[in-house]
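Here's a model to pick apart by asking what each label rests on. Take a look at it, then we'll go through the reasoning.

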Amino acid sequence: MPGLGNSLSVRRCLTFATGLVECLCFAGAVFGWASLVFILKTEGYFSSRCVNTTYFNATQVLDCSGQDEQFSLVFTIASFMNNFLTLPNGFLFDWFGTTVARLFGIFLYTLGTLMVAFSTAALSNMLFPALSLLAAGGILFLITNMQVGNLFGSRRSTIITLYNGAFDSSSALFLVIKLLHEAGVSLRSSFLFLSACGVIHLLRTFFLLPRDHIPYPLPDDYKYGITCGKSTNGNKQTATEETRFNEDVPVKQEKSFRECVMSRFFMLQMLWLSIMQLRHYLFIGTLNFMLQRLTAGDPSLVSQYINAFAITQLCGVLCAPWNGLIMDRHKRKPRAAGESEQEADLRASVLSLFLTALQCLVFSVCASIPYLPLQYVTFVLQVLNRSFLYGGNAAFISVAFPSCHFGKLYGLVMALSAVFSLLQYPCFALVNGPLEGNPLYVNIGLTLLSLLAFIHPLSVFLHVRSLASQRAISTSS
């Protein structure tokens, strides 16, 4: 039935395209925090934390370091919740399916936008729960959309990384709100519009995405739709059983969730992600503070650099697929005799893991140099590395572990890395306090710490080489 086949193909492409728009325009908005802070400062949020300071020459200066510290704390908590709540969200998705997970995500996201809309300078503390809800709802959009990659076989990693890149690029949403604010559109109007967009998310949930999950690999008779998973005779259970059978080809018992968590790959993946994520979170959370220092407090220059940073975030959706292409580059080539598909996937991931760690090292070095024009280069490296980091993290988990544990493992690694990312606040307090606003020593420490990220690609490389050696020995004998 060609007509039916074309209809299903159109449905898949429409699901992919609308999912990309959803991730690009909404999911990771919280990471455009630097643009939103600029608006919140002009609106007087946390302004009570600013105090007049008298210097030894009797001049009085308005010291807003307390205000900056509150803004940094809001972002620290929101970024922590973004990652930590990925764990229960992953279990929610694995156990209850797409529809339930998305309805919960839409509720959190809409509640967050309404709280920002009705917050005021007098109710500045509403930002703490509001940004956390936006972050938690946004990550559920990403989790439920990443499974769409399962529909595209050999391009699966590319699709997953593309969605993660779109998630990164959505941080530019707050730039749009900043520009609208400068044009006279109130912060409340912008966030009420975002709340109304919840209707679009609901339409996707009920009319495009499946109620349960999209399996991987797809069974031969798999039909994609709202009740996808049905076989030709309409028996959903048959298709589900077939999917689980296919996942075990060649005959091999899948690892339990506990075995996956206790594996060397999982531990090193967590270390790899945590180190680089801390570097990014500290950079984003203190960007406004750093630019204030490098521009000597010139608001027009700060605004110019904030806009440049937000615009570069749009490039995340363009950078992320490069990582997916690196991981998928072997799919069209014949595998070596006796080499499993997972082994080939792991071999392809080595270059991805190494390049991501190298990008982070160069980005950290540039961010450590207190030279204002160099920050344009830093912005480009930051968005490139962040795109590789999150897309590569999801893609690696999808190839290194059984697909039935993807949601739980992805959630757990993000949650554990979130605990590590809480170090950003003491780092900021150290810079703001004992180091008297000079972040040089903290930046040097983080740059040295980022060297540990190279352990993971080295470990995967040695594992793949060991498997290849064992295969060569068994073939020769």
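Q: Why is Asp 68 called buried?
A: This is a predicted model, and in it Asp 68 has a relative accessible area of 14%. Buried means under 20%, so Asp 68 with its 14% makes the cut.

Q: What makes Lys 41 partly exposed?
A: Its relative accessibility is 22%. The partly exposed class sits between the 20% limit for buried and the 50% limit for exposed, so Lys 41 at 22% goes there.

Q: How do you know that Asp 68 and Lys 41 form a salt bridge?
A: Their side chains meet at 2.7 Å, N to O. The cut-off is 4 Å between a Lys or Arg nitrogen and a carboxyl oxygen of Asp or Glu, so the 2.7 Å pair qualifies. Asp 68 is in helix 3 (residues 65–84) and Lys 41 in helix 2, so this bridge ties together parts 27 residues apart in sequence.

Q: How many salt bridges does that rule give?
A: The count comes to six.

Q: Why does the pair Asp 94 and Lys 408 count as a salt bridge?
A: The closest N and O atoms of Asp 94 and Lys 408 are 3.3 Å apart. With the limit at 4 Å, that's a salt bridge. The pair links distant parts of the chain, with Asp 94 in helix 4 (residues 86–117) and Lys 408 in helix 18 (residues 406–421), 314 residues apart. Both Asp 94 and Lys 408 are buried.

Q: What makes Asp 168 and Arg 386 a salt bridge?
A: Here the closest N and O atoms are 2.9 Å apart, and the rule asks for within 4 Å, so the label holds for Asp 168 and Arg 386. Asp 168 belongs to helix 6 (residues 156–169) and Arg 386 to helix 17 (residues 375–400), so the bridge ties together parts that are 218 residues apart in sequence.

Q: Are Asp 168 and Arg 386 buried or exposed?
A: Asp 168 has a relative accessible area of 0%, so it's buried. Arg 386 is buried as well, at 1%.

Q: Which residues do salt bridges with shared partners join into one network?
A: Glu 22, Arg 102 and Arg 204.

Q: What else does Arg 386 do, and why say its charge sits over a ring?
A: The charged end of Arg 386 is over the ring of Phe 31, 4.2 Å from its centre. The distance limit is 6 Å, so 4.2 Å passes that part of the test. Lys 178 likewise lies over the face of Phe 38, at 4.7 Å from the ring centre.

Q: Why is the aromatic pair of Phe 31 and Tyr 281 called stacked?
A: The centres of Phe 31 and Tyr 281 are 5.6 Å apart, with 20 degrees between the planes. Pairing needs centres within 6.5 Å and stacking needs planes under 30 degrees apart, so both tests are met by Phe 31 and Tyr 281. Phe 31 sits in the loop between helix 1 (2–27) and helix 2 (33–42), while Tyr 281 is in helix 12 (residues 264–285), 250 residues apart. Phe 31 counts as buried at 1% relative accessibility, and Tyr 281 is buried at 0%.

Q: What makes the pair of Phe 174 and Phe 191 tilted?
A: The ring centres of Phe 174 and Phe 191 are 5.9 Å apart and the planes are at 50 degrees. Under 30 would be stacked and over 60 edge-to-face, so 50 degrees leaves tilted. Phe 174 is in helix 7 (residues 173–182) and Phe 191 in helix 8 (residues 187–196), so parts 17 residues apart in sequence are tied together.

Q: How do you know that Gln 359 makes a polar contact with Asn 385?
A: The side chains of Gln 359 and Asn 385 come to 3.4 Å, and the limit is 3.5 Å, so the pair fits the distance rule. Gln 359 lies in helix 16 (residues 341–368) and is buried, with a relative accessible area of 13%.

Q: Why is Thr 378 called buried?
A: Thr 378, in helix 17, has 0% relative accessibility, so it counts as buried. Leaving aside neighbours within four places in sequence, Thr 378 is in contact with Phe 283, Phe 363, Cys 366 and Ala 367.

Conventions
Residues numbered from 1 in each chain as written. Predicted model: local features only at pLDDT ≥ 70, side-chain atom pairs only at ≥ 80, totals over all residues. Heavy atoms only, no water. Phe/Tyr/Trp six-rings, centres within 6.5 Å; stacked < 30°, edge-to-face > 60°. Helix = DSSP H or I, 4+ residues; strand = E, 2+ residues; numbered from the N terminus. Buried < 20%, exposed > 50% of the residue type's maximum accessible area, 1.4 Å probe, protein only. Lys NZ or Arg CZ within 6 Å of the ring centre and 35° of its normal. Contact = heavy atoms within 4.5 Å. Polar contact = N/O pair within 3.5 Å; in protein donor to acceptor, adjacent residues only side chain to side chain.
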